[in-house]
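Reader: I should like to go through this model with you, metals before empty space. Could you take my questions as they come?
Author: Certainly; please begin wherever you wish.

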Amino acid sequence: MHPQLAQRQTKSLLDDERTLKRLAMNQRRNKEQDHSPKLDAASAAFKYADCKNEFWNPERFSLLYGTPLWNEATQSQKVLLNQLYWVGYYAQIISAEIATIFFNQTCAAGLYALEDFRSVCDTLDLESAQERAHINAFKVVSEQVEAEVFGERIFTYPMRAWHAETMIFNDSGPFRRAWKRFLLQAFSLVSSSNPFLACQYFTVRGLRTLKGKMVQHELSQYYATHADQEHAPIPSKISYFHFLDESFHFNSSCLIGHDVINSLPKPTRFEAMLGNAGIAGCQKDHFPISIAVNGLFWHDPALFPVVYRVLRSRAFGFSDADAKEMIRRCFTEETQGLVEAAKTHATAVDSYKAYLANLEYVNRTNKDMAIMARSTSQNYLETNRRAFARFLRRPELHAASPQPVAALPAPA
Ligand SMILES: [Fe+2]
Ligand SMILES: [Fe+2]
C-alpha cells in the first residue's frame, strides 16, 4: 500500500514480510514441481489389466483390513481388497476436492477485496487447477476398476455438485442433508465477502488435509520405495504424485489460516462464532471410526449394502446368508481392524488439537476436539449392531443382488 494514499484498512499483508516470503516460496515451488501433467499422463496410460494382480498400497491399506473378511480371503481377493481401498479412499477425496475447488474460489474472492492479496489468490488458482487433474486421475482409475470387476458403481458416483454432502458414506437423512447443503451455500455467500471467514476456511481445509496427509504419506511410500518404479502400478504412482502436490496445499492452508489471518482485523464475536461453527462441523463429519477404509471417517453402516454387493460379486462369490454373516462378523464384533481404526482416529484428534492450539479465536470445545474425542470403539460397535438389525429388516438393501457366478480365477 502506498503510505500517502488513503486505504480502507489499517493492516496490510505487506507488513508481514516473513509470511509473504513463505507464501511466495510455496507458490513458486508448487508451480515448478506441479504434477498435473504427470498425473494426466499416468491416468491416460492406465489399463487395469496391466496391474490387476498387484497391490497398489502398503498391505494394511486394504478394504476391511484386520477383519474376518481380510483374514479369510484368498491371495487374489486380498489384492482386490487392497485395490478397492484405493478406489474407495480416492472416491472420498474426489468429493472433498470438488468442494475445495469451489471454496478456493469463493475465499479468494473474499480476500481479494483487500489490498495485497494477489499472491494468495494466485496460489489458490494453481491449486484448483491441480485438484481438477487429481480428480481426473482418481476417476479414470476407479471407474475402470469398478466397470471391469463389478460392472456397476460401488464407491464411485457420477460427477456431483460442490454442495453435495462431502462425506460420501454418512448418516444424514434427507432433512439433515438439505440443512447441511443450506449451511454450505450460506457459508459460500458469507465467505466470499468476509476476509476473516475466507481465511478461516483454510483452517478447516488444513484440518481435512491433515487427516489426508496422515494416510497419503503412507500410500505414497508404496511407489517411493518400489524397487522398479518404471513398472510400479500406475495407481501407486498417482498416490505419490498427488501426495507431493498436496504437501504444498497443506503449507498454504497453514500459512493462510495461521499467519495471513494475523494481517486481518481481529474477528468480531459473530465472525468467531461462525468460524467455530465451521470447525465443529468438521469435528462432526470426522466423528465416526471406520474399519472399512481405515483413514477415512465414514459412517460404516452406510456401507453395509455396498460391502454386501462386493461379497456377492463374482470376485468373492458369497451366498446371501454368508454375505450377511460376514458383514455381522466384520462390523459388529471386536477385530484387529477396529483396534487400528480407533488408533487412526485418536491420532487425528491429537494432531487436530496441535493444529488449533495457537489460534486465539478457537473455543474450548474445538481446541479439545471434544466432539470427536467422544467417539469410541464401544459406541462404534453399538451403533453398528443396531444398524445391522435394521439392515436385515430392509430387503431392498440386499435382496435384489444377482446370484454369484464362479469366483475370479487366481492371478497367474
Ligand atoms: Fe488433491
Ligand atoms: Fe489439495
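Reader: Which atoms coordinate the iron ion (ligand 1)?
Author: In this predicted model, the iron ion (ligand 1) is coordinated at 1.9 to 2.6 Å by two OE contacts from Glu 97, by OE of Glu 131, ND1 of His 134, NE2 of His 242 and OE of Glu 246.

Reader: What is the geometry with 6 donor atoms?
Author: The site of the iron ion (ligand 1) is irregular, and the angles among its 6 donor atoms run from 55 to 174°. As a reference, ideal angles for six octahedral donors are 90 or 180 degrees.

Reader: How are the donor residues of ligand 1 spaced in sequence?
Author: The spacing is E-x33-E-x2-H-x107-H-x3-E. Distant parts of the chain are linked here: Glu 97 belongs to helix H5 and Glu 246 to helix H9, 149 residues apart.

Reader: Are those two glutamates buried or exposed, and why?
Author: Both fall under the 20% cut-off for buried residues. Glu 97 counts as buried because its relative accessibility is 5%, and Glu 246 counts as buried because its value is 8%.

Reader: On to the other iron. Which protein donors does ligand 2 have?
Author: The iron ion (ligand 2) has OE of Glu 131, two OE contacts from Glu 246 and ND1 of His 249 as its protein donors, at 2.0 to 2.3 Å.

Reader: Why is the arrangement around ligand 2 irregular?
Author: The 4 donor atoms subtend angles of 57 to 161°, so the arrangement around the iron ion (ligand 2) is classed as irregular. To count as tetrahedral, four donors would need all angles between 85 and 135 degrees.

Reader: And what is the sequence spacing of the donor residues for ligand 2?
Author: For the iron ion (ligand 2) the pattern reads E-x114-E-x2-H. Glu 131 in helix H6 and His 249 in helix H9 are 118 residues apart, so this pair also joins distant parts of the chain.

Reader: Which residue bridges the two iron ions, and how far apart do they lie?
Author: Glu 131 coordinates both iron ions, which are 3.6 Å apart.

Reader: Is Glu 131 buried or exposed? What about His 249, buried or exposed?
Author: Glu 131 is buried, with a relative accessible area of 3%. His 249 is likewise counted as buried, at 1% relative accessibility.

Reader: A word on H6, then. What should its 32 residues span, at 1.5 Å a residue?
Author: The expected span of H6 is 46 Å, and its end C-alpha atoms are 47 Å apart, which agrees. Just after H6, Gly 151 adopts a positive phi of about 70°.

Reader: Changing topic: how much space lies in the largest pocket?
Author: The largest pocket holds about 1200 Å³. Its lining comprises 45 residues, and those closest to its centre are Leu 184, Val 204, Arg 208, Gly 278 and Asp 285.

Reader: Which elements give two or more residues to that lining?
Author: Helices H5, H6, H7, H8, H9 and H10 each do so. H7 gives the most, with 10 residues.

Reader: How do the residues of the lining of the largest pocket divide?
Author: There are 18 nonpolar, 13 polar and 14 charged residues in the lining of the largest pocket.

Reader: And the second largest pocket: how much space lies there?
Author: About 380 Å³. It is lined by 17 residues, of which His 299, Pro 301, Ala 302, Arg 390 and Arg 394 are the closest to its centre.

Reader: Which helices each supply at least two residues of its lining?
Author: Those are H11 (304-312) and H15 (377-393), with H15 providing the largest share, 5 residues. By class, the second largest pocket is lined by 8 nonpolar, 5 polar and 4 charged residues.

Reader: Lastly, how many cavities of 30 Å³ or more are there?
Author: The count is 3. The largest cavity has about 60 Å³ of space, and among the residues lining it are Arg 60, Tyr 65, Tyr 85, Asn 294 and Glu 340. Its lining has 4 nonpolar, 3 polar and 2 charged residues.

Reader: Which residues line the second largest cavity?
Author: Ile 94, Lys 139, Glu 143, Thr 156, Tyr 157 and Met 159 line that cavity, whose volume is about 50 Å³. By class they divide into 3 nonpolar, 1 polar and 2 charged.

Notes
Residues are numbered from 1 along each chain as its sequence is written. Chains are lettered from A and ligands numbered from 1 in the order in which they are written. This is a predicted model: local features need pLDDT of at least 70, side-chain atom pairs count only at pLDDT 80 or more; totals for chains, interfaces and linings use all residues. Side-chain values use heavy atoms; hydrogens and water are left out. On a 1 Å grid over the protein atoms alone, a cavity is a set of points where a 1.4 Å probe fits but cannot get out, and a pocket is an open set with protein on both sides within 12 Å along at least five of seven lines; lining residues have an atom within 4 Å of a point. Grid points are joined across faces, edges and corners, and a volume is the space filled by probe spheres set on the points. Helices (H or I, at least four residues) and strands (E, at least two) are DSSP runs, numbered from the N terminus. Ala, Val, Leu, Ile, Met, Phe, Trp, Tyr, Cys and Pro count as nonpolar, Asp, Glu, Lys and Arg as charged, and the others, Gly among them, as polar. Donors are N, O and S atoms within 2.8 Å of the metal (3.2 Å for Na, K and Ca); water is not among the atoms, so sites may look incomplete. Four donors count as tetrahedral if all angles lie between 85 and 135 degrees; four count as square planar and six as octahedral if opposite donors are over 155 degrees apart and all others between 65 and 115; anything else is irregular. Buried means under 20% relative accessible area, exposed over 50%, partly exposed in between (1.4 Å probe, protein chains only). The expected span of a helix is 1.5 Å times one less than its number of residues.
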